[in-house]
Amino acid sequence: MARLAGVFASSHAPLIVRGWKDVKPANQQGLSSAMGELGRRMKAARPDVIIEIAPDHWVNFFINNLPSICVGMGEEHEGPAEPWMKECPYKKIAGHPRLAQHVVETALEHDFEPSMSHHLTLDHGFAIPLWKGGLDPLPPIVPIIFNDLEPPFPSVRRCLAWGTMLAEAIATYPEDIRVAILATGGLSHSIGEPTMGEIDEPFDRECIRHFEAGDERKLVDFLNERLPTIGNGAAEIRNWVAAHGAAGKSGFELIGYCNVPEVYVGCGFASWNLGAATR
Ligand SMILES: [Fe+2]
């Protein structure tokens, strides 16, 4: 049987790549340190496959066809299409169709109805945390796209349940492989709206405290109350919630938090302590 080898979360601010030269040296150091440590932890987990949960930034889907959740079933995915990601080493990214198929089957058995795609392009939201964490070569990726961009969104509670279901899908997958989960996005930021560029550090800190405390009801209530009141980019924290569910709703450990106005994002990086079962 497969085992859950690690659960991780990371911001994916585009300006970490396209505006890096304009980031102050102290912030460059903070981001590099956190992303490097995240990469070290991901590599230490020795994953044979990574299930990666991220939004799609209008690369695969648009408002004419916008799934709430889509699982990438392909043998191979396209690397990031953004021109400013041309230095990214991932031109083609291997998939893992058998695990993807099992995830979808498990989801359907549990009354979730994900979309499926056999041909996805993985944009900066997928690529930046892996690239900057130094994962090269990459293990195969099973991408799961959550709609965090255009409301209405999957509910916070449903995202938590998705994570719980993913952990079961891994535990019941018949091959003896190690599977890590990486969720990307958030924390607070605001894109294409009047508050663009605003970072709500008190919100981010409180959000982190709720993940650390592990009280499911308080975390869900907090996000339900606060997400509609801050910048639209924070909707991506749903992906962290799914990771939290997969980790058993406990064990959250902050690797680093960097309030970086130059990249418009309160950047957070985290892993979950899964205990001895993963080793
Ligand atoms: Fe994003």
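# Chat about a predicted iron-bound model

Q: Okay, new to this one. How many helices and strands are in the protein?
A: The protein has 8 helices and 10 strands. Keep in mind that this is a predicted model.

Q: And how compact is the protein?
A: It's as compact as a globular protein of that length, because its radius of gyration is 17 Å, close to the 19 Å that the globule rule gives for 279 residues. The C-alpha atoms fill a box of roughly 45 × 45 × 40 Å along the principal axes.

Q: What share of the residues is buried?
A: Buried residues come to 56% of the 279. As for contacts between residues at least 6 apart in sequence, 82% of them join residues at least 24 apart.

Q: Let's go to the metal. Which protein donors does the iron ion have?
A: H12 through NE2, H57 through NE2 and E236 through OE, and they lie 2.0 to 2.1 Å from the iron ion. Along the chain, the donors follow the spacing H-x44-H-x178-E.

Q: Where do H12 and H57 sit?
A: H12 is in the loop between β1 (3-10) and α1 (15-18), while H57 is in the loop between β2 (49-54) and β3 (69-72), so the pair ties together parts that are 45 residues apart in sequence.

Q: Are those two buried or exposed, H12 and H57?
A: Both H12 and H57 are buried.

Q: What about pockets? What volume does the largest pocket have?
A: About 450 Å³. There are 20 residues lining the largest pocket, and the closest to its centre are P14, H57, H189, I191 and E236. H57 and E236 are also among the donors of the iron ion.

Q: How does the lining of the largest pocket divide?
A: Into 10 nonpolar, 7 polar and 3 charged residues.

Q: And closed holes: how many cavities of 30 Å³ or more does the structure hold?
A: It holds 1. The largest cavity has about 40 Å³ of space. Its lining includes D56, F61, I145 and F146, and the lining residues divide into 6 nonpolar, 1 polar and 2 charged.

Q: Switching topic: where does I144 lie, and what is its relative accessible area?
A: I144 is in strand β7 (residues 141-146). It counts as buried because its relative accessible area is 0%.

Q: Which residues is I144 in contact with?
A: Leaving aside its neighbours within four places in sequence, the contacts of I144 include I51, I53, V71, F126 and W162.

Q: F126 is in a helix, right? How many residues of α4 are buried?
A: Helix α4 (residues 124-132) is mostly covered, with 8 of its 9 residues buried. F126 is one of the buried ones, and H124 and W131 are others.

Q: What do the buried residues of α4 pack against?
A: They pack against β1, α1, α2 (25-44), β2, β7 and β8 (178-184).

Q: Now the backbone. Which peptide bonds are cis?
A: The bond from P151 to P152 is cis, with omega near 5°, and P152 lies in the loop between β7 and α5 (156-171). The bond from G186 to L187 is also cis, with omega near -5°, and L187 is in the loop between β8 and α6 (201-213).

Q: What's phi for R46 and for W58?
A: R46 has phi near 50°, a positive value in a residue other than glycine. W58 has phi near 65°, again positive in a non-glycine residue. R46 is in the loop between α2 and β2, and W58 is in the loop between β2 and β3.

Q: How accessible are R46 and W58?
A: R46 is partly exposed, with a relative accessible area of 49%. W58 also counts as partly exposed, at 35%.

Note on methods
Residues are numbered from 1 along each chain as its sequence is written. This is a predicted model: local features need pLDDT of at least 70, side-chain atom pairs count only at pLDDT 80 or more; totals for chains, interfaces and linings use all residues. Side-chain values use heavy atoms; hydrogens and water are left out. Donors are N, O and S atoms within 2.8 Å of the metal (3.2 Å for Na, K and Ca); water is not among the atoms, so sites may look incomplete. Helices (H or I, at least four residues) and strands (E, at least two) are DSSP runs, numbered from the N terminus. Buried means under 20% relative accessible area, exposed over 50%, partly exposed in between (1.4 Å probe, protein chains only). Contact means heavy atoms within 4.5 Å. On a 1 Å grid over the protein atoms alone, a cavity is a set of points where a 1.4 Å probe fits but cannot get out, and a pocket is an open set with protein on both sides within 12 Å along at least five of seven lines; lining residues have an atom within 4 Å of a point. Grid points are joined across faces, edges and corners, and a volume is the space filled by probe spheres set on the points. Ala, Val, Leu, Ile, Met, Phe, Trp, Tyr, Cys and Pro count as nonpolar, Asp, Glu, Lys and Arg as charged, and the others, Gly among them, as polar. The radius of gyration is taken over C-alpha atoms; the globule rule is 2.2 Å times the number of residues to the power 0.38.
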